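Please look through the sequence and the structure before reading on. The text below is meant to be read with both in view.

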Amino acid sequence: MAKKNIGNQGFTMPMPQAILGTHMDGRNNFMALAWVSRVNYNPPLMMISVGKRHYSNAAIKASGEFCVNIPSVDLVEVTDFVGLVSGSKLDKSELFEVEKGELENAPIISKCPISIECKVYDSMELPNDTLFVGEVIATWCDEDTLTDDIPDIKKVNPFTLTMPDNKYWSVGDCIGRAWHDGKKLK
Ligand SMILES: Cc1cc2nc3c(=O)[nH]c(=O)nc-3n(C[C@H](O)[C@H](O)[C@H](O)COP(=O)(O)O)c2cc1C
């Protein structure tokens, strides 16, 4: 074997960096969230994994709702900050101006170009985290980040996280077309 086994925490693929918005006890809370993915087409479902000790975890269980906000690179510091301090220690509600969409407890961050409101569809308790599966109720986008009504990654300018080196990365160039380029090999 020419490869080196670096153990079981070596997952280094970029993860989408988001800010989770929740609401509990009359206030909004925000948390850095990277364990997030689309998992079903119809109904449209997303999964997020949230530590059991996090304030956000209790908030989602209490309301059954959450919002996945996608920040642009200019929000890297505040995104990191909401990943360093818990809502149980500090009221983080004033960090962001918010807007209300379809749901009552899924704060949409005005400064984030994309915000996805979700209602809990299912959940699973894992040893450290709760895996919440949310049904997407609405996706709110800044109009100037759309090209032909579709979010344009260059305009959204999101960033990603790699672990275990714990670094943020912007998104690079387009290198191909999905469901298309492979046809050359047919
Ligand atoms: C870059 C980054 C990504 C994170 N991703 C997650 C995640 O996907 N799931 C999670 O449970 N915690 C994640 N965290 C940790 C929480 O954001 C952090 O513990 C936060 O303070 C919890 O806030 P809360 O107690 O107000 O909910 C991340 C932290 C950082 C800095």
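The paragraphs that follow take the ligand and its surroundings, then the salt bridges, then some details of the backbone.

This is a predicted model. A good place to start is the ligand, which sits in the largest pocket. Around the ligand there are 23 residues, and those that come nearest are Trp35, Gly51, Ser56, Ser86 and Gly87. By residue class, the shell around the ligand holds eleven nonpolar, nine polar and three charged residues.

Which parts of the fold supply at least two residues each to this shell? They are strand E3, residues 27-33, strand E5, residues 45-51, and helix H1, residues 55-63. Of these, E3 gives the most to the shell, with four residues.

Next come some individual contacts between ligand and protein. Two of them go to the backbone: an oxygen atom of the ligand is 2.9 Å from a polar backbone atom of Ala32, and a nitrogen atom of the ligand is 2.9 Å from a polar backbone atom of Ser49. Another contact goes to a side chain, where an N or O atom of Lys92 is 2.9 Å from an oxygen atom of the ligand. How much of the ligand's surface does the protein bury? Taken alone, the ligand exposes 640 Å², and the protein buries 86% of that area.

Away from the ligand contacts, the salt bridges can be considered. A salt bridge is counted here when a side-chain nitrogen of Lys or Arg is within 4 Å of a carboxyl oxygen of Asp or Glu. By this rule the structure has six salt bridges. One of them pairs Glu125 with Lys61, and their closest N and O atoms are 3.1 Å apart. Glu125 belongs to strand E9, residues 114-125, while Lys61 belongs to helix H1, so this pair ties together parts that are 64 residues apart in sequence. Helix H1 is also one of the elements that supply residues to the shell around the ligand.

The last topic is the backbone in the loops. The peptide bond from Asn42 to Pro43 is cis, with omega near 5°. Pro43 is found in the loop between strand E4, residues 36-40, and E5. Another cis peptide bond joins Met163 and Pro164, where omega is about 10°. Pro164 lies in the loop that runs between strand E13, residues 159-162, and strand E14, residues 167-170.

Asp25 has a backbone feature of another kind: its phi is positive, about 50°, although Asp25 is not a glycine. Asp25 is placed in the loop between strand E2, residues 18-24, and E3. Strand E3 has already appeared above as the element that gives the most to the shell around the ligand.

Conventions:
Residues numbered from 1 in each chain as written. Predicted model: local features only at pLDDT ≥ 70, side-chain atom pairs only at ≥ 80, totals over all residues. Heavy atoms only, no water. Near = heavy atom within 4 Å. Polar contact = N/O pair within 3.5 Å; in protein donor to acceptor, adjacent residues only side chain to side chain. Areas by Shrake-Rupley, 256 points an atom, 1.4 Å probe, with all protein chains shown as cover. 1 Å grid on protein atoms, 1.4 Å probe; cavity = no way out; pocket = protein on both sides within 12 Å on 5 of 7 lines; lining within 4 Å. Sits in = over half its atoms within 2 Å of the grid points. Nonpolar A, V, L, I, M, F, W, Y, C, P; charged D, E, K, R; others polar.
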